[in-house]
Structures are given as structure tokens and as C-alpha cells.
Amino acid sequence: MSTSTASDPLQALAAGADLPAAQQPVWPDRDALESAVGTLASYPPLVFAGECDVLRDRMAAVSRGEAFVLQGGDCAETFDSATADNIRDRVKTILQMAAVLTYGASMPVVKVGRMAGQYAKPRSSDEETREGVTLPAYRGDMVNAYEFDEASRTPDPARLVRAYHASSATLNLVRAFTTGGFADLRHVHDWNKGFVGNAAFARYERLAKDIDKAMRFMNACGADFEAMKATEFFSAHEALLLDYERPLTRVDSRTGHLYDTSGHFVWVGERTRDLDGAHLDFVSKVHNPVGVKVSANAEIDDLLRIIDLVDPDRTPGRLTFITRMGAGRIREALPAIVEKVTASGAPVTWVCDPMHGNTFSSSSGFKTRDFEDVVDEVRGFFEVHQGLGTHPGGIHVELTGNDVTECIGGSEKILDADLGTRYESVCDPRLNHQQSLELAFLVAEMLAQD
């Protein structure tokens, strides 16, 4: 495990502050920033080191082909959407998907919510211009507001503290939902029976009936359904804004290791995985399980160097490569990467992000994704791993529990003309509740054939 051997691990972490860090906001008030960072450093951790260790063990099982991981949630969380109903519906969607995937894979599914911290987003430009007016780009609610005026777009460090409180409230509710009976497998299965009862999804009825038959068999055998009323559920987000991540990094009293206590699992994005940059340096020093996004343009030698930096001890469950290549490129680009990484002996966990490589602007002017492209990238991901004898370890999906109209396609046939009906994302388009469940049924079919 890559952790500092310095006598003061926090001092070693601070040394990384001098490294170049991409995609950071320009804070106009440095005193306000120092105050916000100091406040965060004084607050309790949002997650605990022992929980991160449990997730690392679960991800290790995925790397060995003994489990499958489902990571899902909002593209960019907003403070306004951190309501009980929205959080409940996202958790419900992930639980429903996981139940179907568990049956298809015949193995445990590790449930990871892209939530309770996904309040910052990388941008292609530092500024945005509308009708001759140029303002700072929206970088997520942790930094500024989406409304296009100077006051809203000015980065405000107080939002770092507000993001902490929103994340804390989200995690409290998630823990209540997943341990208080809401996650009861029998309820989740009933929800899915309602999904296939819709004529648009009748093609999945047979799989749902097979699951129903398995449930009745378990009941007849005296399975302890009381033990299935609770489930493990972990939180994840991109470790993008280092002014938020660093003050929430703490020394574990049990081991002396550093943990980023802002979330159980954090990842470094395609735009910030500079080998000499601050983001990879940061995740190399914390003990959490971590991910790195990998596009079709990734250099294999760079990925091998990332492994050496982030996981020099080759610890199973430590490092996940989240591939995001696009449906048209994954079958061509992924095989050589998987082959070389596997040959290196690194126990990397492979997860497919079928969203970010399939984004385009529709004729109606909305940023969107085609459900068929999303499915095809996952299918290509499975085909590559099946061909190489490696394990397709999971999927990483931007989704919501609401019935938005942001991605076209699916059995309900959302069209370009429908996008404006309920387009609510402030950043990238998400699969809605029905599309998310449909994806789960399709991936379950792929898993059953694996």
C-alpha cells in the first residue's frame, strides 16, 4: 500500500500542495479560503477508516473475479437536490439494479453510491461566455452557483463547508435507509416486479420470474430474510477539489495511515491524472481504495507508472481502473491496455464507465447520450475481458432515481424532441430510473453468459 513512511504523514501530505493541480478554482478571497479549510479540518470525519478497509476488501474480491461492483449516482450533486426524496430514490435505484445484477452474476454485488461528495466538476474552460458576457465556469455547487450572473459564478469558499454539511446529511440518510429495513431484499424484488409489469419492459419478465422463483426457493429452504433487511453501501466521488479533500484527510489512530474521510472511495479523473501532478500524489498517500479514469487515448506506459505510484505494493482492492472510451472505440483500445496491465502482475480492478465517452450535442441543443451507445460500450467491455480471460469487474453509471429526460433511447424510446420535457442536470446527462433498471437487466444477461 502506498502510504508515506514519514514520521508525520500529514506533513508528507502537505508537501504535495506545491505540485501543480489542474481544474482548481481561483478563489478571490484567500482569507475566506483559509477559514473554510480550517473549519473543515476541525470537523468530524464523514466516513471512517475501518469502513474504507471493508470496501478495499470487497474491491479485492472484485479484482479476483469473486464479486461485481455497481457504482452509480449523480453527475454533479447540487445542494437543492440533497432532499430526502431524491436521496431515497437514488438509493432505491441502486438497490434495485444490484438485486438484478446479483442474480445475473451469481456473486455478491458491491454497492457504491456516486453521492455525498460529488459536488465539484472539471470543466473544459475556466470561463463561459453568453451573449457577450464572460463569467467563471460553473464548477459545481462546492465552488459556485449555476445561475449565470457575477455573484453566483464567483467562487465562494463557504460552499466547501456547505458541501460537507450536505454530504453529512446525505450519508446519515443513506445509512438509515440501508440498515433500517428499506433495503429488505423482498421489498427490492417487489419494486422490480413492478418495473417489468410495464409493457415497455416485458422482455425482462422472464428474468424477473427466474429471480422470483429463486426467492421462493430461498424462503422454502428457511433462508434468513431478516439478515437481508440491511446491506452494505459505500460512498464515492471524484477527488477533484483538493482544498476540500486535504483538510478531511486524517491519520487513523489504529495504524497511523492517512485516510481521506470525505468518502470511502475516491477517484482521479482523466483530466487530472498527471503523473507529476497533485491529484495522483494525493491519492498515493491515502489508504482508501482509489480509482483512476482511463480513456482510449491513455498511454500504457503512463498507466504502468500510475500503478507504481499509487499501488507499489500491489495490494488487491487498492486500485481500480475505470475505463471510459466510447462505444466506438472500446473494442479497439481496451485489449492492449488490459493485456499489458495484467502482464505486469498488478491486481487492478476493471470497471466500465459507459457514460463519458458517449456524450454528444443533440440537434435540439441538449448535451445527451444514447442509451444504445451506453449498452454497447458495456457489451464491448465484457467482450474484451471475456476474450482475454480477465474479469469485467463492474459498471460506473451516472444516474438518477427521477424520471428525467436527459438520455435518448431505451425501451420507453425517449427522443431528441423529448429532452426538453424534464432536463434537470446542471452538467452531464444521466440515465433516468427506468433506463437505469433496464441497463441492469441487460448487464445481468451479459453476466449470466460470462
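Which element supplies the largest share of the lining of the second largest pocket? The structure is a predicted model, in which local features need pLDDT of at least 70, side-chain atom pairs count only at pLDDT 80 or more, and totals for chains, interfaces and linings use all residues. Residues are numbered from 1 along each chain as its sequence is written, and side-chain values use heavy atoms, with hydrogens and water left out.

The second largest pocket (an open set of points on a 1 Å grid over the protein atoms alone, where a 1.4 Å probe fits, with protein on both sides within 12 Å along at least five of seven lines) has a volume of about 510 Å³, taken as the space filled by probe spheres set on the points, which are joined across faces, edges and corners. It is lined by 21 residues (those with an atom within 4 Å of a point), and Ala98, Ala99, Thr102, Leu185 and Met228 are the closest to its centre. Helix 4 (84-105) gives the largest share of this lining, six residues. At least two residues each come from helix 4, strand 2 (109-114), helix 7 (185-196) and helix 8 (205-220); helices (H or I, at least four residues) and strands (E, at least two) are DSSP runs numbered from the N terminus. The lining comprises 16 nonpolar, four polar and one charged residues (Ala, Val, Leu, Ile, Met, Phe, Trp, Tyr, Cys and Pro nonpolar; Asp, Glu, Lys and Arg charged; the others, Gly among them, polar).

The largest pocket holds about 690 Å³ of space. Among its 32 lining residues, Pro122, Arg123, Lys367, Cys427 and Asp428 are the closest to the centre. Strand 3 (127-130), strand 12 (359-361) and strand 13 (367-369) are the elements that give two or more residues to this lining, with the largest share, three residues, from strand 3. The lining of the largest pocket has 15 charged, nine nonpolar and eight polar residues.
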